[in-house]
Amino acid sequence: MTHPAFQHLRSHPIPALRLEFQEYRHRVTGARHLHLAADDPHNAFMVAFLTVPQDSTGVAHILEHTALCGSERYPVRDPFFMMIRRSLNTFMNAFTSSDWTAYPFASQNKKDFNNLLEVYLDAAFFPLLDPRDFAQEGHRLEFARSDDPTSELVFKGVVFNEMKGALSSPTQRLGQDLHGRLFPTITYHHNSGGDPERIPDLTHEQLKAFHARHYHPSNALFLTFGDIPAAEHQDRFETLALHRFQALPLDLAIPDERRYTAPLVALTHYPLDASEDPQDQTHIVLGWLLGPITDPLATLRARLLSDVLLDNSSSPLRHALETTELGEAPSPLCGFDTSTREATFVCGLEGSNPEHAEAVEELVFEVLRQVAAEGVPQEAVDAALHQLELSEREITGDGFPYGLRLLLEALTPTMHGGDPLSALDSDPLLEQLRGESRASDFIPDLVRRLLLDNPHRVRLTMAPDPELAANQAAAERQRLAALRAALAEADQARIVEQARLLAERQNQPDDPELLPKVGLADVPLELKIPEGVARPVGDLPATWYAQGTNGMVYLQAVLDLPALEPDELDLLPLFCACLTEVGSAGRDYRVTQARQAAVTGGLSARALVRGGVDDVHQTRGVLVLAGKALARNQAALADLLWETLTDARFDEPPRLRELIAQLRAHREEGITDHGHLLALAAASAGLSPVAALNHRWDGLEGLKNLKTLDDALDDAEALAAFAHRLERLRDRLQSAPRQLLAVSEAERQTDIAAALAARWQDASAAAAEPFALVAPDAQPPRQGFRVNTQVNFCAKAYPTVAPNHPDAPALHVLGDFLRNGYLHRTIREQGGAYGGGAGYHPDGGAFRFYSYRDPRLADTLADFDRALDWLQTHDHPARTLEEAILGVVAAIDKPGSPAGEAIGAFFGTLFGRTPDQRRAYRQRVLGVTLADLQRVAAVYLQPEQARCAALSDARTLAERTDWTIVAI
């Protein structure tokens, strides 16, 4: 059934995804609607617009933010964040890509879904675009003391600081610079997120004009997934928005980029802390512009070529990049990218030096010429095809709803006139590709045509500049000084008045009842948790979960950790990082990697340590070896897991050297993307054994230790000793008690059990001494970590209680309550940080505050304290408690993938978080009162117990004279 306002264009079943693809067009405006009809109550929605900025002022990005700050039907200051508190959503956000802007959400509750749809449609098509919201979200000039025109003039704005944080990442900066050179004349030349140097040039009038031109139904694509019928969606689209519009002639289509006739060579720079050695800190990449993504078969061919060249360590180009002495590791930009209308391919190195640029280029071309002349083994092509098939088959959804993932796959080609059906139903194309790939010249021809004979190529060298950060800061200060010198008294008064009006708007009490809501009465009575069945494999304990995995099998071996010496404990995460990347069963690492790619979706190893539900100082630890495969390969997966666990080879020292260098590079790249997590880990490190271990393994202490190890491994004797330590730990773990976890469709479990029984056996012995962690060392009360960043990441932590303590649910709700009522306003809206909040951390028994990409440090830490004063001294409406509880319950109830939910249930039970415990905890959350929040805050969040940490630059930390400063 189709709504009369829409024309039905086509429907097509996609059996591999268990859904039907449906396509519609709005008769009046031409708006398109793609619906993926599935027997799934986890409904998803997205409305997207082609957005083509012609500069780097960040107009598309700032519009995305400002559109969510109030609309015609919902004239409240912050409907987006207010709806997060009044919803059971499983996802709410907005995205700005290089050429589109999208507003997605998902929910399992139909009432909630329709509430969100009303708010999202009004925000997209009828936003207020108040100039004060533009000033808050985009940029503004303000005096450091907002009412004092004699104080320093500064730039403020959420997006302004967000992009300062984003461009603090060398990888982000490299990718943006490369794009700008691969696309010299069209929209991709510009930074759609905004360059902080250009963001202050954007005017409010330009923002409104961009909305009028781009956010029109004639330029809109509606996408939906789930069991709500298309006609029902269309009725709401029409009633809530589309009936008010007529067709608008638009010419926003992005043209082909003009092609280079000869390759381009360029040099650029990124800021490096002046105390760091610039040696081996250069990025060198080669980028090619390929063809339009609207040709699905050509796009799949190019993706296959990229996978053949780069997918794993047995791939020829990745092997060359991993083993060369010209750099430390392959660039994180390596690979095939379809996020632009014309695809790109990138490869290169990080951890190099500028003088190696030509040699890196020659290395790449040597591999490409060899592949063009000799081809690659058919097994490598088949393995790459297998990976493509597996990625299409797997039902994801553990971090991002599966339905939204499918909508995003359809979005980009549709935006540019391509066929979304081909993007979703790739089986026919894969079959055609399998046939083509049997030709001996298939891969060589692609290499020649797409890469060797393609002159539209850029070689970009990005070298460190220890003076760049200071020069950029000085340039911003000079710009502000010039602006200040030109200010007349009337201009100064206008800036003071703008700050007053903005503060007035930020502090005005909006009426939340203008917005739709769900309440606690709408919360499902029961928390759905998959139930496993214990059924041994021979003498080996095993737990089986029957889940709808769409032909995928997930197997995991779980070993109880024995008591470990301190050096073994430090070695364990490195052992896990190397275990699935080295050779096994007599094979060298390249042969093993090829075998993994041919028959699995990858193997991984991790160490998991958690505190007890009754006492966080009582810990349990396990090592987990995991893998997944298509059902037809389940026996091969079982074999590979056994061989990896029992016969991993640590006797290839050059491979170990490569892996540690790559791990260091990866960890260093993540500092500015995950700075708040690193600050939280540091602030919590002295509060419990698990928190200390997190800082020691995954935090900044772990990174410092990793850098020391990496520097030491250049010595052959040190490398040999490291390999020997890994072998000793491997052998020690062979006798650890073990069990198996299997997740698949029920009808496959008999065959899986037979395959496991043929290989797996219980070789364990009772551990002489159980695993335990010692009490953490005392940490300085205030620590600053010096990193390369233009913004700050702040954290404060307090010791509290274990999850089964009666006060734990109140502490859990307190985090949402403080964020909703105080921290969001003071940290983000007024302070200008991209994000901030608070929360209870059950594994570490801690309560923690944080900020993310924050221009402030001391004032933010003070706001954490003021939030607690606000809690005790202000009146709080009953709805604010309900909203906080709703947020906690929505997070508890958030669904994952079929496999992910089962795996989570298994490990929850293993660590005492049984289904009964989780349901009882949820029930206690529903019973939390405002008095509970005030009481637990007064009892546990005592100033003398607080520990603070921050990541910042050297200049900012130099002002913290009473802090312990650590260089990273």
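Before we start, one definition: helix axes are lines fitted to C-alpha atoms over the stretch in contact, and angles run from 0 to 180 degrees between N-to-C directions. Keep in mind that this is a predicted model.

**Exercise 1. Work out how helices α21 and α27 are oriented relative to each other, and which residues make their contact.**

Step 1. Get the two descriptors. A packed pair of helices is described by the angle between the axes and the distance between them. Here α21 (residues 634-647) and α27 (residues 749-759) pack at about 30 degrees, with axes 9 Å apart.

Step 2. Classify the angle. Angles under 35 degrees count as roughly parallel, and therefore α21 and α27 are roughly parallel to each other.

Step 3. Add the handedness: the crossing of α21 past α27 is right-handed.

Step 4. List who touches whom. From α21 come Q634, A635, A638, D639, W642 and E643, while α27 brings D751, I752, A755, L756 and R759. Sorted by class, the contact of α21 with α27 has six nonpolar, four charged and one polar residue.

**Exercise 2. Place D843, decide whether it is buried or exposed, and find its side-chain polar contacts.**

Step 1. Locate it. D843 sits in the loop between β25 (835-841) and β26 (846-854).

Step 2. Check the accessibility. Buried means under 20% relative accessible area; D843 has 14%, so D843 is buried.

Step 3. Look for polar partners. The D843 side chain has a polar contact of 3.1 Å with the side chain of R610, and another of 2.8 Å with that of R913.

Step 4. Fill in the surroundings. Setting aside residues up to four places away in sequence, D843 touches R610, G611, V616, V690 and R913. Both arginines from the previous step, R610 and R913, turn up in that list.

**Exercise 3. Do the same for two helix residues, Q596 and A890: buried or exposed, and touching what?**

Step 1. Start with Q596, which is in helix α20 (residues 589-599). The cut-off for buried is under 20%, and Q596 comes in at 8% relative accessible area, so Q596 is buried.

Step 2. Find the contacts of Q596. Beyond neighbours within four places in sequence, these are Q387, T580, L603 and L640.

Step 3. Turn to A890, in helix α30 (residues 878-893). Its relative accessibility is 11%, so A890 counts as buried too.

Step 4. Find the contacts of A890. With residues up to four places away left out, A890 touches S87, L88 and N89.

Step 5. Link back to Exercise 1. A638, one of the α21 contact residues, lies 36 Å from A890, C-alpha to C-alpha, with their positions 252 residues apart in sequence.

Methods: Residues are numbered from 1 along each chain as its sequence is written. This is a predicted model: local features need pLDDT of at least 70, side-chain atom pairs count only at pLDDT 80 or more; totals for chains, interfaces and linings use all residues. Side-chain values use heavy atoms; hydrogens and water are left out. Helices (H or I, at least four residues) and strands (E, at least two) are DSSP runs, numbered from the N terminus. Buried means under 20% relative accessible area, exposed over 50%, partly exposed in between (1.4 Å probe, protein chains only). A polar contact is a pair of N or O atoms within 3.5 Å; within protein, one must be able to donate a hydrogen and the other to accept it, and residues adjacent in sequence count only if both atoms are side-chain atoms. Contact means heavy atoms within 4.5 Å. Angles under 35 degrees count as roughly parallel, over 145 as roughly antiparallel, 65 to 115 as roughly perpendicular and the rest as oblique. A crossing is left-handed if the near helix is turned anticlockwise from the far one by less than a right angle, and right-handed if clockwise. Ala, Val, Leu, Ile, Met, Phe, Trp, Tyr, Cys and Pro count as nonpolar, Asp, Glu, Lys and Arg as charged, and the others, Gly among them, as polar.
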